[in-house]
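Biologist: I have a model open in front of me and would like to learn how to read it. Could you take me through some features?

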Amino acid sequence: MARIVVGIATPHAPQVRLPIEGWYALREKDETDRRIDYAALLARAKPNMEDELTDATLRSRLDACASHRDALADVLARAKPDVVLVVGDDQHEQFRDNLMPMFCVYRGENAEVVRKHGSREGDGLWKAQRLDEIQNDVVDRLAVPRDHPAAPELANHLIDFLRDEEIDVASCAQLKPEIGLGHAFTFMYEFMLPHGDIPMVPFMINTFFPPNQPTPRRCYAVGQALRRAIEAWDRDVTVGIVASGGLSHTIIDEEIDRMTVDAILEKDAAALTSLPRERLNLGTSEIRNWITVAGAMEPMTPQLIGDYIPAYRSPAGTGCGMAFAYWD
């Protein structure tokens with residue numbers, strides 16, 4: 001039978017992959033981001049935000065994020081799983097409003113990386129020319145190959161098992177050729193799977209877009225079912241499970257981040273499944289990925305690398321809450 005040998009949870013937000021210039025460019029983006037009321041956020045920001053935004057503080061937090069990220073990659077490398085199941089969100093990459101599954105398993109033969117950041121100014125969300133340039137520089141420097149192995153045999157087993165447990169999931173056998181894998185999954189090849197040779201099953205959750213975002217309780221239950229499915233797979237393979245995304249962003253919510261991390265470390269399923277849905281919005285919605293993997297890793301021991309990092313990037317309190325966790 002297949003065995004789960006490790007679980008990890010990592011942010012994939014831009015601040016965990018960009019140099020310090022990117023943090024400053026993200027602040028410029030936030031000031032024009034039409035999804036948020038920057039002026040209102042500025043008016044109610046917590047006191048002494050200037051202390052959070054000194055260049056020394058930003059650089060210290062950037063270094064800590066990079067160190068914890070690399071340590072988490074080492075945890076995954078030491079576990080040497082034969083295949084990884086990655087739980088991540090799709091942000092209008094494979095799916096749009098004409099079809100938006102709550103859960104979807106990718107069962108194709110190949111996991112293709114087609115990552116190039118184009119400008120978002122044209123769709124009116126924000127102004128970010130400098131940010132686009134920095135992100136594209138990072139993509140060029142990393143030079144991740146396009147083609148990687150997927151794991152259709154495991155994917156099909158998961159679909160069959162979940163169906164038999166009366167958990168409805170969509171399936172996807174082909175990625176959009178101009179998009180490839182979504183950002184939650186390409187991040188893995190950039191920083192967590194540098195050799196790109198471990199087959200991956202992407203498990204996509206609609207964390208972002210109402211009205212059919214799953215509840216925290218449903219995410220946890222689906223995670224439990226994924227564990228049962230893997231353990232029931234009649235193959236002598238080892239499996240790693242990854243939560244890609246989170247914690248709170250674009251607006252940092254330290255309280256819900258700490259609620260999430262504390263509940264995971266304390267193995268408090270009741271607290272995780274009762275996290276307030278009204279606060280799981282925008283990037284903060286990716287906490288659902290962590291909840292799902294916490295359900296899958298329920299029998300194993302969770303640990304945190306370093307401390308929680310509230311990585312602020314603007315006086316209005318925008319940024320990303322960062323934590324790096326694993327189960328073994």
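Modeller: Gladly. Let us begin with helix length: the expected span of a helix is 1.5 Å times one less than its number of residues. Keep in mind that this is a predicted model.

Biologist: What span should helix H6 have, and how far apart are its end C-alpha atoms?

Modeller: Helix H6 covers residues 152–164, and because each residue counts for 1.5 Å, its 13 residues should span 18 Å. The end C-alpha atoms of H6 are 18 Å apart, which agrees. After H6 comes Glu-166, which has a positive phi, near 65°.

Biologist: Which residues of H6 are buried?

Modeller: A general idea helps here. An α-helix has 3.6 residues a turn, so residues three or four places apart point the same way. In H6 the buried residues are Pro-152, Leu-154, Ala-155, His-157, Leu-158, Ile-159, Phe-161 and Leu-162.

Biologist: What do the buried residues of H6 pack against?

Modeller: Their partners are four strands, S2 (83–89), S3 (103–106), S6 (170–172) and S7 (200–205), together with helix H8 (216–231).

Biologist: How do I describe two helices that pack together?

Modeller: Two packed helices are described by the angle between their axes and the distance between the axes. Here, helix H1 (residues 20–32) packs on helix H4 (residues 55–79) at an angle of about 115°, and their axes are 10 Å apart. The crossing of these two helices, H1 and H4, is right-handed. H1 contributes Ile-20, Trp-23 and Tyr-24 to the contact, while H4 contributes Asp-55, Leu-58, Arg-59, Arg-61 and Leu-62. By type, the residues of this H1 and H4 contact are five nonpolar, three charged and no polar.

Biologist: Now for loops. Is Asn-206 buried or exposed?

Modeller: The cut-off for buried is under 20% relative accessible area. Asn-206, in the loop between S7 and H8, has a relative accessible area of 1%, so Asn-206 is buried.

Biologist: What does the side chain of Asn-206 reach?

Modeller: The backbone oxygen of Phe-209 lies 2.8 Å from that side chain. The side chains of Asn-206 and Asn-212 are also joined, by a polar contact of 2.8 Å. Leaving aside residues up to four places away in sequence, Asn-206 touches Met-100, Pro-101, Met-102, Asn-212, Gln-213 and Pro-214.

Biologist: And Pro-145, is it buried or exposed?

Modeller: Exposed means over 50%, and Pro-145 has a relative accessible area of 52%, so Pro-145 is exposed. Pro-145 sits in the loop between helix H5 (129–142) and strand S5 (147–149). From Pro-145 to His-195 is 50 residues in sequence and 9.6 Å in space, C-alpha to C-alpha.

Definitions and conventions:
Residues are numbered from 1 along each chain as its sequence is written. This is a predicted model: local features need pLDDT of at least 70, side-chain atom pairs count only at pLDDT 80 or more; totals for chains, interfaces and linings use all residues. Side-chain values use heavy atoms; hydrogens and water are left out. Buried means under 20% relative accessible area, exposed over 50%, partly exposed in between (1.4 Å probe, protein chains only). Contact means heavy atoms within 4.5 Å. Axes are lines fitted to C-alpha atoms, for helices over the stretch in contact, and angles run from 0 to 180 degrees between N-to-C directions. A crossing is left-handed if the near helix is turned anticlockwise from the far one by less than a right angle, and right-handed if clockwise. Ala, Val, Leu, Ile, Met, Phe, Trp, Tyr, Cys and Pro count as nonpolar, Asp, Glu, Lys and Arg as charged, and the others, Gly among them, as polar. A polar contact is a pair of N or O atoms within 3.5 Å; within protein, one must be able to donate a hydrogen and the other to accept it, and residues adjacent in sequence count only if both atoms are side-chain atoms.
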